[in-house]
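Here are a few exercises to work through with the model open in your viewer. Try each task before you read its solution.

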Amino acid sequence: MTALAESLLEVKACVRFCSVCFGITEDDPCHLCTTERDGTTICVVEEPQDILAMERSHAFKGRYHVLHGALSPLNGITPGDLKIAELMQRLENSAIREVLIATNFTVEGEATALYLTRLIKPLSIRVTRLAHGIPLGSDLEFIDAATVQRAVEGRSEL
Ligand SMILES: [Zn+2]
């Protein structure tokens with residue numbers, strides 16, 4: 001086996017999903033779940049790499065939750081396929097006062113934001129959405145840090 005193939009296997013072996021936020025990590029729970037951060041706010045994203053986009057912006061200091069996708073009835077992706085039950089469990093058991101929904105600005109991302117808002121609002125938790133200014137149809141991970149920062153600062157209540 002080549003050295004490259006060996007090192008790729010090694011990476012695969014030690015990278016897994018955090019059992020709390022479902023981001024990619026080597027240690028479970030991940031450092032974002034265990035280090036000192038604002039425990040009252042949780043940012044919901046579609047994919048693990050979206051956390052990197054948020055972190056690059058330095059505008060968000062809370063915790064994260066990765067859904068691993070977005071609702072897409074046409075493609076057969078329903079709430080049960082996403083980490084939504086796990087999110088609701090986290091909201092029940094903690095001091096979270098705000099959920100910032102940072103799903104992509106696509107039809108699926110918007111549908112997911114709407115669905116989550118309906119679920120979370122009755123819990124008397126503030127639900128906010130990244131401000132527009134992020135181009136419609138775009139994935140968070142490809143947005144530059146300054147734009148993400150403006151979108152976090154200008155977030156609005158749903
Ligand atoms: Zn985590």
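**Exercise 1. Find H68 and describe its backbone and its exposure.**

Start with the place: H68 sits in the loop between β4 (62–66) and α4 (84–92). Keep in mind that this is a predicted model. Next, look at the backbone: H68 isn't a glycine, yet its phi is positive, at about 65 degrees. That's worth a second look, since most residues other than glycine have a negative phi. Last, check the surface: H68 has 22% relative accessibility, so it counts as partly exposed.

**Exercise 2. Do the same for F22: where is it, and is it buried or exposed?**

The place of F22 is the loop between β1 and β2. Its phi is positive too, about 70 degrees, although F22 is not a glycine. For the surface step, you need the cut-off: buried means under 20% relative accessible area. F22 comes in at 12%, and therefore counts as buried.

**Exercise 3. Work out which residues hold the zinc ion and what geometry they make.**

Step one, pick out the protein donors: they are the SG atoms of C18, C21, C30 and C33, lying 2.2 to 2.3 Å from the zinc ion. Step two, read their spacing along the chain, which is C-x2-C-x8-C-x2-C. Two of these donors, C18 and C33, link distant parts of the chain: C18 is in the loop between β1 (16–17) and β2, C33 is in helix α2, and they are 15 residues apart.

Step three, go for the angles. Four donors count as tetrahedral if all angles lie between 85 and 135 degrees. Around the zinc ion the four donor atoms subtend 103 to 115 degrees, so the arrangement is tetrahedral. For reference, the ideal angle for four tetrahedral donors is 109.5 degrees.

Step four, check exposure at both ends of that pair. C18 has a relative accessible area of 0%, so it's buried. C33 is buried as well, with 16%.

**Exercise 4. Which peptide bond is cis, the one that joins D28 and what residue?**

The partner is P29: a cis peptide bond joins D28 and P29, with omega at about -5 degrees. Most peptide bonds are trans. As for location, P29 is found in the loop between β2 and α2.

**Exercise 5. Describe the largest pocket: how much space does it hold, and what lines it?**

Begin with the volume, about 180 Å³. Then go through the lining, which includes C21, C30, H31 and E55. Now sort it by element: β2 (24–25), α2 (31–34) and α3 (48–57) each give two or more residues. The top contributor is α3, with five. Finish with the chemistry of the lining residues: seven are nonpolar, four polar and one charged.

**Exercise 6. Compare T103 with G154: where is each, and how far apart are they?**

T103 lies in the loop between β5 (98–101) and α5 (107–120). With a relative accessibility of 1%, T103 counts as buried. Its side chain reaches the backbone oxygen of G109 at 2.9 Å.

Turn to G154, which belongs to the loop between α6 (145–153) and β7 (156–157). G154 is partly exposed, with a relative accessible area of 38%. Finally, take the C-alpha atoms: those of G154 and T103 are separated by 16 Å, and the two residues are 51 residues apart along the chain.

Methods:
Residues are numbered from 1 along each chain as its sequence is written. This is a predicted model: local features need pLDDT of at least 70, side-chain atom pairs count only at pLDDT 80 or more; totals for chains, interfaces and linings use all residues. Side-chain values use heavy atoms; hydrogens and water are left out. On a 1 Å grid over the protein atoms alone, a cavity is a set of points where a 1.4 Å probe fits but cannot get out, and a pocket is an open set with protein on both sides within 12 Å along at least five of seven lines; lining residues have an atom within 4 Å of a point. Grid points are joined across faces, edges and corners, and a volume is the space filled by probe spheres set on the points. Helices (H or I, at least four residues) and strands (E, at least two) are DSSP runs, numbered from the N terminus. Ala, Val, Leu, Ile, Met, Phe, Trp, Tyr, Cys and Pro count as nonpolar, Asp, Glu, Lys and Arg as charged, and the others, Gly among them, as polar. Donors are N, O and S atoms within 2.8 Å of the metal (3.2 Å for Na, K and Ca); water is not among the atoms, so sites may look incomplete. Four donors count as tetrahedral if all angles lie between 85 and 135 degrees; four count as square planar and six as octahedral if opposite donors are over 155 degrees apart and all others between 65 and 115; anything else is irregular. Buried means under 20% relative accessible area, exposed over 50%, partly exposed in between (1.4 Å probe, protein chains only). A polar contact is a pair of N or O atoms within 3.5 Å; within protein, one must be able to donate a hydrogen and the other to accept it, and residues adjacent in sequence count only if both atoms are side-chain atoms.
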